[in-house]
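Subject: Structure for your review

Dear colleague,

Please find below the sequence and the structure that I am handing over to you. My findings follow directly after it.

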Amino acid sequence: MYYLLERVEDYLQRRPLFRDAHIALAKKATSKGQLLAGGALAEPVDQAVLLFKSDSAEVAEAFARQDPYVVAGLVTSWQVRPWNIAIGAGLPAITFP
């Protein structure tokens, strides 16, 4: 599963106040094997993508609800969507009917 985060207008200016707490939460999810990768999209820096491995969307949703960027209002919306990996990065592929 993955989710996309959208920013508020002054996201880059406000982010430093909450970045350490956000990274700590991400490291915790990574150590549990839930968060496989994550980072901001660039040019412009207006979204981020985090890739979760889970049996349900709840893991990604729970992360988003407690993410300091969401709690502080830097991220005003987010979405969890299933992602079917077809090939690459050593991840198991999804078999399509």
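I begin with a charged pair: Glu-58 forms a salt bridge with Arg-65, and their closest N and O atoms lie 2.6 Å apart. The structure holds one salt bridge in total. Please bear in mind that this is a predicted model. Both partners count as partly exposed, since that class lies between 20% and 50% relative accessible area: Glu-58 has a value of 39%, and Arg-65 has one of 46%.

Glu-58 is also where helix α3 (58-66) begins. Which residues of α3 are buried? They are Ala-60, Phe-63 and Ala-64. Viewed down the axis of α3, these buried residues fall within an arc of 95°, so they line one face of the helix. As a general point, an α-helix has 3.6 residues a turn, so residues three or four places apart point the same way.

Two of these residues, Ala-60 and Phe-63, belong to the largest nonpolar core, which has 10 residues. Its other members are Leu-25, Ala-26, Ala-29, Leu-35, Ala-48, Leu-50, Phe-52 and Val-80. Helix α2 (19-31), strand β3 and helix α3 each supply at least two residues of this core. Within it, Ala-26 touches Leu-35 and Phe-63, when residues up to four places away in sequence are not counted. There is also a second, separate core of five residues, among them Tyr-11, Tyr-69, Val-70 and Val-75.

Tyr-69 appears again in the surroundings of His-22, a residue of helix α2. His-22 is in contact with Asp-67, Pro-68 and Tyr-69, leaving aside its neighbours within four places in sequence. Is His-22 buried or exposed? Its relative accessibility is 9%, and it therefore counts as buried, the limit for that class being under 20%.

Turning to the strands, β2 (residues 35-40) and β3 (residues 47-52) run antiparallel and are joined by five bridges. Within this pairing, Gly-38 stands opposite Leu-50 of β3, and Leu-50 is one of the residues of the largest core. The two strands form a hairpin, with six residues between them. In the turn, Glu-43 has a positive phi of about 55°.

With kind regards

Notes: Residues numbered from 1 in each chain as written. Predicted model: local features only at pLDDT ≥ 70, side-chain atom pairs only at ≥ 80, totals over all residues. Heavy atoms only, no water. Pairing = 2+ DSSP bridges. Helix = DSSP H or I, 4+ residues; strand = E, 2+ residues; numbered from the N terminus. Salt bridge = Lys/Arg side-chain N within 4 Å of Asp/Glu carboxyl O. Buried < 20%, exposed > 50% of the residue type's maximum accessible area, 1.4 Å probe, protein only. Core = buried A, V, L, I, M, F, W, Y, C linked by side-chain atoms within 4.5 Å. Contact = heavy atoms within 4.5 Å. Arc of directions from axis to C-beta.
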